[in-house]
Amino acid sequence: MATRSKSSAAGDEANDPGAAPYGNFMNYYTFNPPENRLSLIPPTLLRDLSLVHGDAQQRSLILDVGCNSGELSVAVYKHLVREPACREEAGEREVHLLGFDLDQVLIQRAQQNNPLPANVSFVLLDATEDTRLLQEHLARHGCSRFHLCLCLAVTMWVHLNHGDDGLLQLLSRLASISQHLLLEAQPWKCYRSAARRLRKLGRSDFDHFKSLRIRGDVAQRAREHLERHCDMELVQSFGSTAWDRELLLFRRSGD
C-alpha cells in the first residue's frame, strides 16, 4: 500500500484524477453526480424492504461506505425518506444515515455542508482497519445490524490497495453488519484505467495490481463470495449505471 497520506491532494487532483489512489477524489460528484445512481434506485426501496413501517420509536439505519464528500449520502436520504412530518403522520420509523470515508478533508467537507445533521452524520473511518466505531453506532441505536448498507464504487480501491484478501474481508465485514447490501463493483476495465492514470503521473503502480487473482467479472466474484461465505443472497439488480456498473441488492438469507 502507498505510504503517502490518504487525505485528498487537491492540487494534484486538479491536474489528473489518478492522483487519488484510494478513490478519494476531491470533486468526484462533478463527473459522477448522484443522479447516475438515484435514477436506478426506486424511491420506495425502504418501504419495499419493509424498513420504514412499524413502531414509531424504532429506527432504520443506513450505512454509506466510502461516502466521499457526502453529496450522494444526502441525496440518497432525500430520495428514500420522506419529510419528517409525513413520516410521523404515517407512523413510520425514524431513518438515520451514517457515512464514512478514510479521507479527513472529504469528511470535514461532508460535515460542514450537511443539510440534515439530525438524520445524516459523517465520520472518519477506514473500513479495512478498525470498525469498532460502526458497532458502537449500532449499539447506540439499539440495532444489531444496519438495515441497508451502500457500497458504491468502493471495491476496486480496496482491491487495488489491499489485494484479494482485502476485498473479500471487506465484503465479509459489511455482510456481517448488514441486513441488506447494495453493491456497485467496478468492472475490470476500471482497474486498468486507474493503473494507467497512476503510471501516467510517474507514480509506482498499485501494490497488488499485478498479483490479483480476482480479475475479469469482479461483480460476479463478489456475488459468489457473498452467497457462499456470507449468508447473503442476491434479490434484485437495478440495472447498470452510465459507467456500466451494475447495482446489485443482497439480503441476509432467511430475512
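Start by selecting helices H9 and H11 in this predicted model. These two helices pack at an angle of about 50 degrees, and their axes are 10 Å apart. That angle makes H9 oblique to H11. If you turn the view until one helix lies in front of the other, you are looking at a right-handed crossing.

Now show the side chains where the two helices touch. On the H9 side, pick Leu167, Leu168, Leu171, Ser172 and Ala175; on the H11 side, pick Val218, Ala222, His225 and Leu226. Which classes of residue make up this contact of H9 with H11? Colour them by class and you will find 7 nonpolar and 2 polar residues, with no charged ones.

Next, keep H9 on screen and swap H11 for H10. The axes of H9 and H10 come within 11 Å and cross at roughly 60 degrees. Here too there is a word for the arrangement: H9 is oblique to H10, because of that angle. The crossing of H9 and H10 is right-handed.

To see who meets whom, select Thr155, Met156, Trp157, His159 and Leu160 in H9, then Cys190, Tyr191, Ala194 and Arg197 in H10. Sorted by class, this contact has 6 nonpolar, 2 polar and 1 charged residues.

Time to look at empty space. The largest pocket holds about 600 Å³. To find its centre, select Tyr22, Gly23, Ala153, Val154 and Trp157, which are the closest to it among the 39 lining residues. Trp157 should look familiar, as it is one of the H9 residues that meet H10.

Which elements should you highlight around this pocket? Helix H2 (28-31), strand E1 (59-65), strand E2 (94-101), helix H9 (155-176) and helix H10 (188-200) each give two or more residues to the lining. H9 gives the most, with 6 residues. Colour the whole lining by class to see 23 nonpolar, 9 polar and 7 charged residues.

For the last stop, move to the second largest pocket, with a volume of about 220 Å³. Its lining has 15 residues, and Ala185, Asp217, Ala219, Gln220 and Glu246 are the closest to its centre. Select helix H11 (218-229), strand E6 (232-240) and strand E7 (246-252), each of which supplies at least two lining residues. How many residues does H11 give to this lining? H11 gives 4, the most of any contributor. Finish by colouring this lining by class: it divides into 6 nonpolar, 4 polar and 5 charged residues.

Technical notes: Residues are numbered from 1 along each chain as its sequence is written. This is a predicted model: local features need pLDDT of at least 70, side-chain atom pairs count only at pLDDT 80 or more; totals for chains, interfaces and linings use all residues. Side-chain values use heavy atoms; hydrogens and water are left out. On a 1 Å grid over the protein atoms alone, a cavity is a set of points where a 1.4 Å probe fits but cannot get out, and a pocket is an open set with protein on both sides within 12 Å along at least five of seven lines; lining residues have an atom within 4 Å of a point. Grid points are joined across faces, edges and corners, and a volume is the space filled by probe spheres set on the points. Ala, Val, Leu, Ile, Met, Phe, Trp, Tyr, Cys and Pro count as nonpolar, Asp, Glu, Lys and Arg as charged, and the others, Gly among them, as polar. Axes are lines fitted to C-alpha atoms, for helices over the stretch in contact, and angles run from 0 to 180 degrees between N-to-C directions. Angles under 35 degrees count as roughly parallel, over 145 as roughly antiparallel, 65 to 115 as roughly perpendicular and the rest as oblique. A crossing is left-handed if the near helix is turned anticlockwise from the far one by less than a right angle, and right-handed if clockwise. Contact means heavy atoms within 4.5 Å.
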